[in-house]
Amino acid sequence: MPHIHAPRKATETMEGAGVTVRRLMPVPQFMNFDPFVLWDHFEIGPDTGFPDHPHRGFEAITYMFTGSMQHTDNLGNQSTVTAGGAQRFTAGRRIVHSEMPADTASRSGIQLWLNLPQRLKHIEPAYQQVGSDGIPERHQGQVVVRDIFGMGSPLHLHTRVRYADVTLDAGEEFAELINKDFRGFIYLVEGELVIAGRELDAGYAAFMEDTGLLKISAKQKSRFMICFGAAHHEPIKQYGPFVD
């Protein structure tokens, strides 16, 4: 039986240039969950985005639900990530980048930051992008699983991570065996779930450890994110865009 903490609700806040995000962490009452540093469920409107800004000491993944974003950085990368696609940058010792709307359509998705262990804080920065057709997708009856990291995904990180986008119809069940040394959470994008007998509403996350066999059922059609990883067991010292 997994050890499940009390559900946490994402808090609405502003970030970048006028972007509304629903943030699980860092917030004053809950700064991080080793190895995870930041989780933003973003909605990007017209004339908003994330102009040039620096980062160091962590890795970030942007996964798009809708619309598209233009990424540019000081490494010379310039690319567009569209709905169903993902991009990963390793800030390492320092990267400067921007993420701005690539069109006028609605744009939404998740940005996740993972701490780098101290031995890797000063590695060279790097960037990787995979389009929607490169993200492995599995259909198990009415269950759809998109494997963003792990399970054959071509994206790479310096932390062992299981990260997936799952859609369930009402009354359907999802089950997966999670590494016992992983810790993480289920974030509900939309719908209503039951996890180990506990209900979870949209905009909330259930954090857990010692998970083993994870079983999730949907009370209504639901979309949720699985996010688990191996802790580094090191202090996480975040100062805005830097994680030292």
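In this predicted model, the loop between strand S18 (182–195) and strand S19 (198–201) holds Ala-196. Although Ala-196 is not a glycine, its phi is positive, at about 50°. Ala-196 is partly exposed, with a relative accessible area of 33%. A second residue of this kind is Met-151, which again is not a glycine and has a positive phi of about 55°. Met-151 belongs to the loop between strand S15 (143–149) and strand S16 (161–168), and its relative accessible area of 49% makes Met-151 partly exposed. These backbone angles deserve a mention because most residues other than glycine have a negative phi, and most peptide bonds are trans.

The second half of that rule leads to the loop between strand S4 (19–25) and strand S5 (36–44), where Pro-26 is placed. The peptide bond joining Met-25 and Pro-26 is cis, with omega at about 0°. Pro-35 also lies in the loop between S4 and S5. Here the bond from Asp-34 to Pro-35 is cis, and omega is near 10°.

Turning to the overall build, the protein has 23 strands and 0 helices. Its C-alpha atoms fill a box of roughly 45 × 40 × 35 Å along the principal axes. The radius of gyration is 17 Å, which agrees with the value near 18 Å that a compact globule of 244 residues would have. Of the 244 residues, 53% are buried. The accessible surface comes to about 10,400 Å², and carbon and sulfur atoms account for 49% of that surface. The chain also brings together residues from distant parts of the sequence: among contacts between residues at least 6 apart, 70% join residues at least 24 apart.

What lies inside can be described through the nonpolar cores. In soluble globular proteins, nonpolar side chains tend to be buried together. The largest nonpolar core in this model has 30 residues, and those with the most contacts inside it are Leu-24, Met-25, Trp-39, Tyr-163, Phe-185, Tyr-187 and Met-225. Met-25, met above as the partner of Pro-26 in a cis peptide bond, is thus also a member of this core. Phe-185 gives a view of the surroundings there: leaving out residues up to four places away in sequence, Phe-185 touches Leu-24, Met-25, Phe-36, Trp-39, Ala-205, Ala-206, Phe-207, Met-225, Ile-226, Cys-227 and Phe-228. A second, separate core has 23 residues, including Val-143, Met-208, Ala-218 and Phe-228. Phe-228 therefore appears both in the second core and among the residues that Phe-185 touches.

Strand S7 (residues 58–66) is mostly covered, with 8 of its 9 residues buried. S7 pairs with strand S12 (residues 107–115) in the antiparallel sense, over 8 bridges. Within this pairing, Ile-61 has Leu-112 in S12 as its bridge partner. S7 is also joined to strand S10 (residues 86–90) by 5 bridges, and these two strands run antiparallel as well. In that pairing, Ala-60 stands opposite Phe-89 in S10.

Another antiparallel pair is formed by strand S8 (residues 68–73) and S9, which are joined by 5 bridges. The hairpin of S8 and S9 has 4 residues between the strands, and Gly-76 takes a positive phi near 100° there. In a regular strand the side chains alternate between the two faces of the sheet. Strand S9 (residues 78–82) shows this clearly: Ser-79 and Val-81 point to one face and are buried, whereas Gln-78, Thr-80 and Thr-82 point to the other face and are not buried.

Across from S9, His-71 sits in strand S8 and has Ser-79 as its bridge partner. With a relative accessible area of 0%, His-71 is buried. The side chain of His-71 makes a polar contact with the side chain of Asp-73, at 2.7 Å. Setting aside neighbours within four places in sequence, His-71 is in contact with Asn-77, Gln-78, Ser-79, Gln-87, His-97, Ser-98, Glu-99 and Tyr-127. Ser-79 thus meets His-71 as a bridge partner, and its own side chain points to the buried face of S9.

Methods:
Residues are numbered from 1 along each chain as its sequence is written. This is a predicted model: local features need pLDDT of at least 70, side-chain atom pairs count only at pLDDT 80 or more; totals for chains, interfaces and linings use all residues. Side-chain values use heavy atoms; hydrogens and water are left out. Buried means under 20% relative accessible area, exposed over 50%, partly exposed in between (1.4 Å probe, protein chains only). Two strands pair if DSSP finds at least two bridges between them. A polar contact is a pair of N or O atoms within 3.5 Å; within protein, one must be able to donate a hydrogen and the other to accept it, and residues adjacent in sequence count only if both atoms are side-chain atoms. Contact means heavy atoms within 4.5 Å. The radius of gyration is taken over C-alpha atoms; the globule rule is 2.2 Å times the number of residues to the power 0.38. Accessible areas come from the Shrake-Rupley method with a 1.4 Å probe; for residues, only the protein chains shown count as cover. A nonpolar core is a set of buried Ala, Val, Leu, Ile, Met, Phe, Trp, Tyr and Cys residues joined through side-chain atoms within 4.5 Å.
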